[in-house]
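Work through the exercises below with the sequence and the model open beside you. Each one sets a task and then follows it step by step to a solution.

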Amino acid sequence: MTLLFVSASDNAEVWRAELARRLPDLPFRVWPDMGDPADIRYALVWKPPAGLLAGLPNLKAILSLGAGVEPLLNDPTLPDAPLVRMVAEGLTEDMAAYVVLQVLRWQRTLDAYVRQQAEAVWKPLGHRPASEVRVGILGLGVLGEAAARALLPLGFDVLGWSRTRKDIPGIATVHGADGLKELAARSDFLVCLLPLTAETRGILGASLFAALPRGAVVINAARGGHLVEADLLAALGSGHLSGASLDVFAEEPLRAGHPFWTHPKIHVTPHNAGVTHPSRCADHVADAIRRAEAGQPLLHVVDRTRGY
Ligand SMILES: NC(=O)c1ccc[n+]([C@@H]2O[C@H](COP(=O)([O-])OP(=O)(O)OC[C@H]3O[C@@H](n4cnc5c(N)ncnc54)[C@H](OP(=O)(O)O)[C@@H]3O)[C@@H](O)[C@H]2O)c1
C-alpha cells in the first residue's frame, strides 16, 4: 500500500515522519522518485502535474493536501478514484483564527493605532461594539461554520449563507439567491469561505458589493477566483467599501507591482489563512488510508458533479 507524495509547497520529509508515526508500514515515495507506478495505492497531493495521477493504474484514493480541490478537478485526466479533501482540526482552527483576526483588525482600527504609535500619538478612535457589527459568512461548510462559531462568543452578529438549507444550532443561516440578498444587505463584514465552482466564481463582484452597506469590509480567504479584482478596486475607490483583507489571489504569488500590494485599504497575506500543518493534519490522512484498507467508506469525499 505505497503512498506517493506530490507537492512543491509542502514539506515531504515532515509528512513522511508524521505518517510513519501513524502508519509505520506505509511505504512513502516522493514524486518524481515514484518507482513502479503500479505500486502506488494512495496519492497525497497538492497541485500535481496534470496527467500524473492518470498514470497510476492501482490508485485507490486521491488524498488532497488542501481543503479546496478545484486545481485537481481542473485536470480532465483525473482518475475516478475517490478524491478526499483535507478536513482537519488544525486547518479549521487556523482559518477561524484568521477570520477573527481580520474582523477585529478592522473593527478595532488596529492599523490606525499602529500608525499613531509610530508618531507617539495617544488618541482613542472609538469603535462600534461587536453586538452592533454584522458579519455575513459566504459558505457554511467546515470552515465557514468554524469561523461563525469563533465570532459568536465575541458578540458579533453573525449570519451564514449556504447553497442548501442548513439548520446549525446557534447559528443564523440563509440559503439560495434570496438568502444572499438578505445577507448582503446586513453585512458590515463579508467573509468568503466558499469553494471555487462555476457558480461561485466571481461572486465577490460589483453587484454583490453594491448590495452591501456603505463602509463594509470584504474578507476573502477562499480562492482568488471568487474576486473580481477591478470591481474591488472600484468599490474601494468610490468609498462604498472601506477595506479588504485578502489571503488568496487569482495569480499566486501576487506579482510584484500588483496594485493590491500598496493599496492603503487592502491587507494582503500570502495564502496562509488555513495551513495544512502535518502534525495536526496527518491523523486525517492516516484515517483515510486505514478506512480504505479496511474497505470502509471514506469520509470527506468530493462530489465531482457539485465541484466541492
Ligand atoms: N486561504 C486558505 O488558506 C484556505 C485554506 C483552506 C480552504 N480554503 C478555501 O475554503 C473553501 C471552503 O472550505 P470548506 O472546508 O469550508 O468547504 P466545505 O465544507 O465544502 O463547505 C463549502 C460551503 O460552501 C457552500 N456553497 C458551495 N457552493 C455554494 C453556492 N453556489 N451557493 C452558496 N453556498 C455554496 C456549501 O453549501 P452547502 O452546505 O449547502 O453544500 C458549504 O456550506 C475551500 O474550498 C477552499 O477554497 C482556503
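**Exercise 1: The second largest pocket**

The second largest pocket holds about 350 Å³ of space. The model is a predicted one, and the task is to describe which residues line the second largest pocket and which elements give two or more of them.

Solution. Step 1: begin at the centre, where Trp106, Gln107, Thr109, Val217 and Ser242 are the closest of the 19 lining residues. Step 2: turn to the elements, and find that α3 and α4 (110–118) are the ones that give two or more residues to the lining. Step 3: ask which element gives the most, and the answer is α4, with four residues. Step 4: sort the lining of this pocket by class, which yields seven nonpolar, six polar and six charged residues.

**Exercise 2: Gln107, a residue of the pocket lining**

Decide whether Gln107 is buried or exposed, and list what Gln107 touches beyond its neighbours in sequence.

Solution. Step 1: place the residue, which is found in helix α3. Step 2: compare its relative accessible area of 11% with the cut-off of under 20%, and because the value falls under that limit Gln107 counts as buried. Step 3: set aside residues up to four places away in sequence, and the residues that Gln107 touches are His127, Arg128, Pro129, Ala130, Val133, Phe156 and Phe189.

**Exercise 3: Strand β6 and its partners**

Find which strands pair with β6, in which sense, and over how many bridges.

Solution. Step 1: take β7 as a partner, since β6 and β7 pair in the parallel sense over five bridges, with Ile137 standing opposite Gly160 in β7. Step 2: take strand β9 (residues 189–192), which pairs with β6, also in the parallel sense, over four bridges, and here Gly136 stands opposite Leu190 in β9. Step 3: look at how β6 is covered, and note that four of its five residues are buried. Step 4: follow the chain from β6 through α5 to β7, and these elements make a right-handed β-α-β unit.

**Exercise 4: Helix α5 and its buried residues**

Name the buried residues of helix α5 (residues 142–151), and state which elements they pack against.

Solution. Step 1: list the buried residues of α5, which are Leu143, Gly144, Ala146, Ala147, Ala148 and Leu151. Step 2: identify what these residues pack against, namely α3 (89–107), β6 (134–138) and β7 (157–162). Step 3: take Gly144, a residue of helix α5, as an example; its relative accessibility is 1%, and so Gly144 counts as buried. Step 4: leave aside the neighbours of Gly144 within four places in sequence, and its contacts are Ile137, Gly139 and Leu193.

**Exercise 5: Val158 in strand β7**

Establish whether Val158 is buried or exposed, and with which residues Val158 is in contact.

Solution. Step 1: locate Val158 in strand β7. Step 2: consider its relative accessible area of 6%, a value for which Val158 is buried. Step 3: leave aside the neighbours within four places in sequence, and the contacts of Val158 are Val135, Ile137, Ala148, Leu151, Leu152, Ala172 and Arg186. Step 4: consider Val133, which is 25 residues from Val158 along the chain, and find that the C-alpha atoms of the two are separated by 8.5 Å.

**Exercise 6: Strand β11 and its surroundings**

Explain why strand β11 (residues 241–246) is described as largely enclosed, and identify its pairing partners.

Solution. Step 1: count the buried residues, which are five of the six in β11, so the strand is largely enclosed by the rest of the structure. Step 2: turn to strand β10 (residues 216–220), which pairs with β11 in the parallel sense over five bridges; Ser245 in β11 is the bridge partner of Ile219. Step 3: turn to strand β12 (residues 266–268), which pairs with β11 in the parallel sense over three bridges, and where His267 is the bridge partner of Ser245. Step 4: add helix α8 (residues 229–237), which with β10 and β11 makes a right-handed β-α-β unit.

Definitions and conventions. Residues are numbered from 1 along each chain as its sequence is written. This is a predicted model: local features need pLDDT of at least 70, side-chain atom pairs count only at pLDDT 80 or more; totals for chains, interfaces and linings use all residues. Side-chain values use heavy atoms; hydrogens and water are left out. Buried means under 20% relative accessible area, exposed over 50%, partly exposed in between (1.4 Å probe, protein chains only). Contact means heavy atoms within 4.5 Å. Two strands pair if DSSP finds at least two bridges between them. A crossover is right-handed if, with the strands pointing away from the viewer, the path from the first strand over the helix to the second runs clockwise. On a 1 Å grid over the protein atoms alone, a cavity is a set of points where a 1.4 Å probe fits but cannot get out, and a pocket is an open set with protein on both sides within 12 Å along at least five of seven lines; lining residues have an atom within 4 Å of a point. Grid points are joined across faces, edges and corners, and a volume is the space filled by probe spheres set on the points. Ala, Val, Leu, Ile, Met, Phe, Trp, Tyr, Cys and Pro count as nonpolar, Asp, Glu, Lys and Arg as charged, and the others, Gly among them, as polar.
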